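Here are my notes on this chain, written as numbered points so you can tick them off against the viewer. Have a look at the model before reading on.

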Amino acid sequence: MKIISSSSSRELSLRLSEELKCEILDIEKKRFPDGEMYIRIIGDIKGEDIVAVGNTREDAEIIEFLLMMNAAKENGAGKVIAVIPYFGYARQHMIYKSGEPVSSKVMVSSIENFCDSIIVVEIHDLETAKFSRKGVLNVRIVKPFVEYYKNKKIDYIVSPDDGGLERAKELADLLKTKYFNIDKKRLDSRNVTMTVPDIDVKGKNILLLDDMISTGGTIIKATDLLKKNGADKVYVSAVHGIFANGSYMEISSIAQDVIITDTIFGKWSKISVAGEVAEAV
Ligand code: R5P
């Protein structure tokens, strides 16, 4: 087994190669004069099972990932396992307004043309899996959070919406803390309203846990509310940290700590999903 990684997932792929004790192959990447992307896998892949790792958020990383998987297949790889740490476009898994595409269907169908199986990490909505003919394995991330927070004296784990309540409960059970969710209503892609349930958080340490931080609007509003209600420390964590428009600075100025995983690598990626992904492979 060997690993190939798109530019979006180098750090995670290096960790994965340690976990799986297998080689990670270099990829030559450049642009043709007309702007099109060129990639070439360097090394022998004939007959090897290949783990191809790449995110599907930015346009360029999508095409890089597809070319990479095709290169593996065309050059005689055995099985190609697509690992998508951050599966972008999973939000649009249905038509909300007439005339829209079902983007997550487009993404899944494109990927499975070039691979034998698909592994994703904490996909935004599992509805996407129903578009796959080959099946999608969704890896849940819990243990790395337990390790990070076990000595932080957390009183409550709080999900900023009801969709994340199961995640909060699972972690709370392992950390032996209490948990609840904020009632969030989304007005549009940037604005939400929130109501905190009638629970006394005065002087308490809170871990605010979400699947992803995108614009940061959800986490900023939730942190503000919990602090206004008297919470002492508010730690913020999510699996995927996009931090659109540099929202990290604003979040870190009001939270005790901001920690995300290495699915989208940045300087705040303090925990890794490599162990869980390796098990799934
Ligand atoms: C919503 O369903 C998700 O769990 C996140 O709360 C949301 O995607 C975060 O987005 P933003 O950071 O833009 O508020």
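1. Let's begin at the ligand. Strand S12 (206-213) and helix H6 (217-228) each give at least two residues to the shell around the ligand. S12 provides the largest share of that shell, four residues. Bear in mind throughout that this is a predicted model.

2. Which residues come closest to the ligand? They are Asp 211, Ser 214, Thr 215, Gly 217 and Thr 218, out of 13 residues that surround the ligand. By class, the shell is made up of seven polar, three charged and three nonpolar residues.

3. Now the sheet that S12 belongs to. Six strands make an open sheet, ordered S9-S8-S12-S13-S14-S15, with parallel pairing. The edges are strand S9 (178-181) and strand S15 (269-271); each has a single partner strand, so one side of each has no neighbour in the sheet. Direction ignored, neighbouring strands here are turned against each other by 35° on average.

4. For a close look at the pairing in this sheet, try strand S8 (residues 156-159), which pairs with S12 in the parallel sense over three bridges. There you'll find Ile 157 opposite Leu 207 in S12.

5. Two helices are worth checking against these strands. Helix H5 (residues 165-175) lies across S8, S9 and S12, and runs at about 165° to S8. H6, which also supplies residues to the ligand shell, lies across S8, S12 and strand S13 (234-241), running at about 165° to S12.

6. On to the overall division of the chain. The domain assignment splits the chain into domain 1 (2-139) and domain 2 (143-272). Their C-alpha centres are 28 Å apart. How many residues on each side take part in the contact between the domains? Nine residues of domain 1 touch nine residues of domain 2. Helix H1 (residues 10-20) contributes three residues, the largest share of the side of domain 1 that touches domain 2. That side of domain 1 has four nonpolar, three charged and two polar residues.

7. A word on the annotation. An unreviewed UniProt entry places the feature "domain: Ribose-phosphate pyrophosphokinase N-terminal" at residues 1-112. In the model, residues 1-112 are 33% helix and 24% strand, with the end C-alpha atoms 19 Å apart. Note that the annotated feature is given as 1-112, while the domain assignment gives domain 1 as 2-139.

8. There is also a seven-stranded open sheet, and its order is S3-S2-S1-S4-S5-S6-S7, with mixed pairing. Why do strand S3 (37-42) and strand S7 (136-139) each have one side without a neighbour in the sheet? Both stand at the edges, each with a single partner strand, so one side is left free of a neighbour in the sheet. From one strand to the next, the twist averages 25°.

9. Within this seven-stranded sheet, strand S4 (residues 50-53) and strand S5 (residues 80-84) pair in the parallel sense over four bridges. Val 53 is the residue to click on, as it stands opposite Val 83 in S5. Helix H2 (residues 59-74) packs on the sheet, where it touches strand S1 (2-5), strand S2 (24-31), S3, S4 and S5. The direction of H2 makes about 40° with that of S3.

10. Last, the hairpin. Are S2 and S3 paired in the parallel or the antiparallel sense? Antiparallel, over six bridges. Arg 31 stands opposite Met 37 in S3. Five residues sit between the two strands of this hairpin, and Gly 35 in the turn has a positive phi of about 100°.

Notes. Residues are numbered from 1 along each chain as its sequence is written. This is a predicted model: local features need pLDDT of at least 70, side-chain atom pairs count only at pLDDT 80 or more; totals for chains, interfaces and linings use all residues. Domain bounds come from an automatic or database domain assignment. Two residues are in contact if their C-beta atoms, placed from the backbone, lie within 7 Å. Ala, Val, Leu, Ile, Met, Phe, Trp, Tyr, Cys and Pro count as nonpolar, Asp, Glu, Lys and Arg as charged, and the others, Gly among them, as polar. UniProt positions are given in the numbering used here, feature names are shortened, and annotations may be inferred rather than shown by experiment. Two strands pair if DSSP finds at least two bridges between them. Axes are lines fitted to C-alpha atoms, for helices over the stretch in contact, and angles run from 0 to 180 degrees between N-to-C directions. A residue is near a molecule or strand if its C-beta atom, placed from the backbone, lies within 6 Å of it.
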